[in-house]
Amino acid sequence: MHEYQIVDGDQTVLRDGTIKLHGPDGFDAMRKAGRLAAEILDACAELVRPGVTTGSIDDAVRGMMLDAGAVPATLGYRGYAHSSCISINHVICHGIPGDKVLKDGDILNIDVTPLVDGWHGDSSRMFYAGEPSLKAKKLVEVTYECLMLGIAAAQPGARLGDIGAAIEAHANQFRYGVVREFCGHGLGRLFHDAPEVVHAAKAGTGPELKPGMFFTIEPMINLGKPWAKVLGDGWTAVTRDKSLSAQFEHSIAITETGNEIFTKSPTGRDCPPYF
Ligand code: MF3
Ligand code: CO
Ligand code: CO
C-alpha cells in the first residue's frame, strides 16, 4: 500500500515515506525553482568547451544561484561540497567538479539543484565539448527521448511503473543499458523524498500517479551494460564496462489533465546541439 499526504502552504514535511500531494502554492514555488535550474543550465551551454575545467563551471553555477538569491542544495548535502555534479563520458552521475579539463569529443552531464525559497528545482542535461563521435551523440539523443517518453507516461491515473517501462522499452531498442542503482525521486521542500522513480520497471505496477505529485525523472542510459560502481571518493558512479553513459533530468508535477515540467528550458535548450 502507498500512503499519500496532502500538503499545503508552509506545512513542515517529513521524509516519512508518504507521497506528498501539493496544492497551488507548491506549484508556484516549484515553477520558480525549476525555472532557475533551467536558466542556469541554459547558461552552462555557453561555458562548456574544450580546455575548460569542471571546477570553473561549478563556480559559475554557484555564482548564478547566489546571484538569484538561491542556495545550491547539493552544497553540504550528505557531505557533498560542490554546487553541481558534472559527469563526463563513462561517469554515470555524481561526478565531482574540480581540476579536470574538458577535451574535444567529451560528453558531459551537468546536474543542478537550486534551493529557492525552500523548494528544490532539480534538473540535468547533457553537453558536448567540441564534436563527440556519432555513437556518443546517438546515445545522448536516445537518452533525451527516454526522458521525454517517461514524462509522456506520467499521467494521472497511470502507475509509477509505467514511466520506467516506457524508458526501458525505448533504451532496449538500441541495446543500451538502463542504470538501476540510481533513481528519480519525489521532491519539493525535501530534496529526495518518496516515491523512488525507477527507470526500468513493469507497466501497471507501483503507486497510482495522482495530481499534485512532484518528482524527478532522470534516466541514466549506458552504451554498454547497465552495471554501475561507485569510486573510492564515495560519489563518482561509473559504468563497470567503461562504456559511455548519458542522463537528462526534469522535475515534473502530475496535474488533473497530464503533467507539468517545471525545468523546461525557456530558450529551447533542453537537449544538444545548443548552437
Ligand atoms: N541532483 C542529484 C539528483 O538528481 C543529486 C545530487 S546529490 C549530490 O538527485 F550530493 F551528489 F550532489
Ligand atoms: Co534528482
Ligand atoms: Co539532479
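**Exercise 1.** Is Glu-249 buried or exposed? Determine also the status of Asp-122.

*Solution.* The model considered here is predicted. Step one: the relative accessible area of Glu-249 is 1%, so this residue is buried. Step two: Asp-122 has a relative accessibility of 3% and therefore also counts as buried, the cut-off being under 20%.

**Exercise 2.** Describe the surroundings of the cobalt ion (ligand 3).

*Solution.* Step one concerns the protein donors: Asp-111 (OD), again Asp-111 (OD), Asp-122 (OD) and Glu-249 (OE), at 2.0 to 2.3 Å from the ion. Step two places these donors along the chain, where their spacing reads D-x10-D-x126-E. Step three turns to the angles: the 6 donor atoms around the cobalt ion (ligand 3) subtend 58 to 167°, and the arrangement is therefore irregular. For six octahedral donors, the ideal angles are 90 or 180 degrees. Step four identifies a bridge: Asp-122 joins the cobalt ion (ligand 3) to the cobalt ion (ligand 2), with 3.3 Å between the two ions. Asp-122 lies in the loop between strands E8 (119-120) and E9 (123-128), whereas Glu-249 lies in the loop between strands E17 (245-247) and E18 (250-254); this pair, 127 residues apart, links distant parts of the chain.

**Exercise 3.** How do helix H1 (residues 24-47) and helix H2 (residues 54-67) pack?

*Solution.* Step one: the angle is about 145°, and the axes are 11 Å apart. Step two: the crossing of H1 past H2 is right-handed. Step three: H1 contributes Ile-40, Ala-43, Cys-44 and Leu-47 to the contact, and H2 contributes Ile-57, Ala-60, Val-61, Met-64 and Met-65. Step four: the contact residues comprise 9 nonpolar, no polar and no charged.

Note on methods: Residues are numbered from 1 along each chain as its sequence is written. Chains are lettered from A and ligands numbered from 1 in the order in which they are written. This is a predicted model: local features need pLDDT of at least 70, side-chain atom pairs count only at pLDDT 80 or more; totals for chains, interfaces and linings use all residues. Side-chain values use heavy atoms; hydrogens and water are left out. Axes are lines fitted to C-alpha atoms, for helices over the stretch in contact, and angles run from 0 to 180 degrees between N-to-C directions. Helices (H or I, at least four residues) and strands (E, at least two) are DSSP runs, numbered from the N terminus. A crossing is left-handed if the near helix is turned anticlockwise from the far one by less than a right angle, and right-handed if clockwise. Contact means heavy atoms within 4.5 Å. Ala, Val, Leu, Ile, Met, Phe, Trp, Tyr, Cys and Pro count as nonpolar, Asp, Glu, Lys and Arg as charged, and the others, Gly among them, as polar. Donors are N, O and S atoms within 2.8 Å of the metal (3.2 Å for Na, K and Ca); water is not among the atoms, so sites may look incomplete. Four donors count as tetrahedral if all angles lie between 85 and 135 degrees; four count as square planar and six as octahedral if opposite donors are over 155 degrees apart and all others between 65 and 115; anything else is irregular. Buried means under 20% relative accessible area, exposed over 50%, partly exposed in between (1.4 Å probe, protein chains only).
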